[in-house]
Amino acid sequence: MKLDPFYLIVDSASWIERLVPLGVKLVQLRIKDMEEPAVRLEVRAARTICAKHDCQLIVNDYWQLAIEEGCDFVHLGQEDLATANLAAIRRAGIRLGLSTHDNIELETALAAAPDYIALGPIYPTILKAMKWAPQGLDRIAEWRTRVGDLPLVAIGGLNIERIDGAFAHDADSAAVVTDITRNSDPEARTREWIAATARWR
Ligand SMILES: Cc1ncc(COP(=O)(O)OP(=O)(O)O)c(N)n1
Ligand SMILES: Cc1ncsc1CCOP(=O)(O)O
Ligand SMILES: [Mg+2]
């Protein structure tokens, strides 16, 4: 499986409606602090937009909802993984991405046979408080030797200026939140990301 090198992460279907039509091919819906019925509506809306624009949708955290709504990709962290029913996810034919932040988490993740591994935070992030120090670029190369051909996603503090470093250290895809959603012109920044990742596509 090949992931698009530009992995956009947003927290609403309205962001997806704004940015996916610009040519985004891989997007994660990462919703926090919302009641499940409302999340379900967001997932449905996101699915419709992504289907129309041939964009791969990844649902963060809400694996049961992803099964019920017929989504085909979920992303889980290690805490999510501890409570998720992996067999049910697999039975539903859903692909799985997993977060890793250290060696033990990588071993746990690999044992779950995911469809990709994410490593973060590569650089400091302002999105959420994290107990891990920034991993740095060399850690991406180290992860590459550990994951083999499994797609590897770099995440955390990435911006246009930093993505070539991530790819040069063998990431397959660069995930981003704030460099786009907190930009003064998110649409223009999205176009810049699409162009800047073109040679890795
Ligand atoms: C691509 C990608 N990588 C890492 C994460 C983080 O997942 P998790 O550790 O479960 O934390 P939350 O995002 O759920 O707060 C991610 N969502 N996507
Ligand atoms: C959810 C998550 N997991 C590791 S870093 C991160 C945040 C990424 O956001 P940003 O691209 O704004 O640093
Ligand atoms: Mg999670």
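In the predicted model, strand 6 (residues 116–119) presents side chains in two directions: Tyr 116 and Ala 118 point one way, and Ile 117 and Leu 119 point the other way. All four of these residues are buried. This arrangement follows a general pattern, as side chains in a regular strand alternate between the two faces of the sheet. Strand 6 runs parallel to strand 5 (residues 95–100), and the two are joined by four bridges. In one of the pairings, Gly 97 has Tyr 116 in strand 6 as its bridge partner.

Strands 5 and 6 belong to a barrel of eight strands, closed in the order 1-2-3-4-5-6-7-8 with parallel pairing. From one strand to the next, the twist averages 25 degrees. Strand 1 is joined to strand 2 (residues 26–29) by three bridges, and these two strands also run parallel. Here Ile 9 has Gln 28 in strand 2 as its bridge partner.

The largest nonpolar core consists of 52 residues. Within this core, the residues with the most contacts are Leu 8, Val 27, Val 153, Ala 154 and Ala 174. Strand 1 (residues 6–10) supplies the largest share of the core, with five residues. When neighbours within four places in sequence are left aside, Val 153 is in contact with residues that include Leu 3, Tyr 7, Gly 97, Tyr 116, Ala 118 and Ala 175. Tyr 116 and Ala 118 are the two residues of strand 6 described above as pointing one way.

Two ligands are present in the model. Ligand 1 has 15 residues around it, of which Gly 77, Ser 99, Ala 118, Ile 155 and Ala 175 come nearest. The shell of ligand 1 divides into five nonpolar, six polar and four charged residues. Ligand 2 is surrounded by 13 residues, the closest being Gly 120, Thr 125, Gly 156, Val 177 and Thr 178. In the shell of ligand 2, six residues are nonpolar, five are polar and two are charged.

Some backbone features depart from the usual pattern, since most residues other than glycine have a negative phi and most peptide bonds are trans. Gly 120, listed among the closest residues to ligand 2, is joined to Pro 121 by a cis peptide bond with omega of about -10 degrees. Pro 121 lies in the loop between strand 6 and helix 7 (137–147). Ala 113 is not a glycine, yet its phi is positive, at about 50 degrees. Ala 113 is placed in the loop between helix 6 (103–111) and strand 6, and it counts as exposed because it has 11 C-beta neighbours inside 10 Å. Asp 170 also has a positive phi, near 85 degrees, and is found in the loop between helix 8 (160–168) and strand 8 (173–176). With 16 other C-beta atoms within 10 Å, Asp 170 is partly exposed.

Two further residues lie outside the strands. Gly 23 is in the loop between helix 1 (13–19) and strand 2, and is partly exposed because 15 other C-beta atoms lie within 10 Å. Its C-alpha atom is separated by 29 Å from that of Ala 141, 118 residues apart along the chain. Arg 201 belongs to the segment after helix 10 (186–196). With 10 other C-beta atoms within 10 Å, Arg 201 is exposed. Arg 201 touches Asp 4 and Pro 5, residues up to four places away in sequence not being counted.

Notes: Residues numbered from 1 in each chain as written. Chains lettered and ligands numbered in written order. Predicted model: local features only at pLDDT ≥ 70, side-chain atom pairs only at ≥ 80, totals over all residues. Near = placed C-beta within 6 Å. Nonpolar A, V, L, I, M, F, W, Y, C, P; charged D, E, K, R; others polar. Core = buried A, V, L, I, M, F, W, Y, C linked by C-beta atoms within 7 Å. Buried ≥ 20, exposed ≤ 12 C-beta atoms within 10 Å, placed from the backbone. Contact = placed C-beta atoms within 7 Å. Pairing = 2+ DSSP bridges. Axes fitted to C-alpha atoms, helices over the stretch in contact; angles between N-to-C directions.
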